[in-house]
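Subject: Structure for your review

Dear colleague,

Please find below the structure that I am handing over to you. I would be grateful if you could read the notes beneath it alongside the sequence.

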Amino acid sequence: MWLEAALTFLALAAALAAWPWRMLASRKPLAHETQGAPAALWTPLLATLVLLPWMWALPTLHAMPLQLQWSGACMVVLMLGWPLAIPALIGVGVIACLLSPAMGWPEALGAIAWQGVVPATLALMVGALIRRFLGTHLFVYVLGRAFLGTVLCLFASGALSQWSGHQLPGVGDELSLVARWLMAWGDAFVTGMLTAIFVAFKPQWLATWSDPLYLGSPK
């Protein structure tokens, strides 16, 4: 529990030091407007706080031999950016605990750390490495960062969680890593699919996306 608390506290302190709330500020009004429009990131932020807590609480809301764990942290980082994603994921864990009577605060703290903070931080690092060594291309962003990067981040976080003593209910030790590997692919498939859709139709919902950067300036 102390390890999870330390990881969460350090990540939150670093995230708040970047003033993430500035990304939610309203823009200045245009000449024909009476007031500025709210930042587009309010929509993915509210969607994260409304939908993701149910996914985190789901393993404790039903009785199944295999309790599938859903993270969504890498998708949240792509949408909100790491500084804003960290407090959002902490909020997700708190809401999930309130939704599920079977989830205590120690379990919620573990979920915040291993399903939220750690994979989100790994996603930040993987994204930086991909941009450094593979460049800024649409294909690299969707397939590399959103899909394959999510697989690596979630599996690494799940392995670290298991080595710290968090076991999957109903799964033997010899199969736990296999189960975490398969769950990482499921999470990555949804993350890659949503990222491709948002790039095409709602790029303003992706704080890590930039048309001039990934598509080039129009000639």
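The notes below describe what was found in this structure.

Please bear in mind that this is a predicted model. The protein chain contains eight helices and zero strands, and from the N terminus on its elements run α-α-α-α-α-α-α-α. Of the 219 residues in the chain, 43% are buried.

The interior may be considered first. The largest nonpolar core has 47 residues, and those touching the most other members are Trp56, Leu80, Ile86, Leu89, Ala120, Tyr141 and Leu206. Two or more residues of this core come from each of α1 (2-17), α2 (42-61), α3 (73-80), α4 (82-99), α5 (105-134), α6 and α7. The element that gives the most is α4, with ten residues.

The surface also carries a nonpolar feature. A patch of about 760 Å² is formed by Phe139, Leu143, Leu148, Leu175, Val178, Trp181, Leu182 and Trp185. Both α6 (138-163) and α7 (173-201) supply at least two of the patch residues, and α7 gives the most, with five. One of the patch residues, Leu182, lies in helix α7. Leu182 has a relative accessibility of 57%, and it therefore counts as exposed, the cut-off for that class being over 50%.

Helix α6 deserves a separate word. With 26 residues at 1.5 Å a residue, α6 should span 38 Å; the C-alpha atoms at its ends are 35 Å apart, so the two values agree. The helix nevertheless has a kink of about 40 degrees, centred on Gly149. Another glycine, Gly165, follows just after α6 and takes a positive phi of about 110 degrees.

Finally, there is the loop between α4 and α5, where Ala102 is found. Is Ala102 buried or exposed? Its relative accessible area is 54%, so Ala102 is exposed. Ala102 and Pro59 are separated by 43 residues in sequence, while their C-alpha atoms are 9.6 Å apart in space.

In brief, the chain has eight helices and zero strands; α4 gives the most to the largest nonpolar core, and α7 gives the most to the nonpolar surface patch.

Yours sincerely,
A colleague

Key
Residues are numbered from 1 along each chain as its sequence is written. This is a predicted model: local features need pLDDT of at least 70, side-chain atom pairs count only at pLDDT 80 or more; totals for chains, interfaces and linings use all residues. Side-chain values use heavy atoms; hydrogens and water are left out. Patches are made of residues with over 30% relative accessible area and no salt bridge: like charges are joined within 9 Å, nonpolar side chains (Val, Leu, Ile, Met, Phe, Trp, Tyr) within 5 Å. Accessible areas come from the Shrake-Rupley method with a 1.4 Å probe; for residues, only the protein chains shown count as cover. A salt bridge is a side-chain nitrogen of Lys or Arg within 4 Å of a carboxyl oxygen of Asp or Glu. Helices (H or I, at least four residues) and strands (E, at least two) are DSSP runs, numbered from the N terminus. Buried means under 20% relative accessible area, exposed over 50%, partly exposed in between (1.4 Å probe, protein chains only). The expected span of a helix is 1.5 Å times one less than its number of residues. The bend at a residue is the angle between axes fitted to the seven residues ending there and the seven starting there. A nonpolar core is a set of buried Ala, Val, Leu, Ile, Met, Phe, Trp, Tyr and Cys residues joined through side-chain atoms within 4.5 Å.
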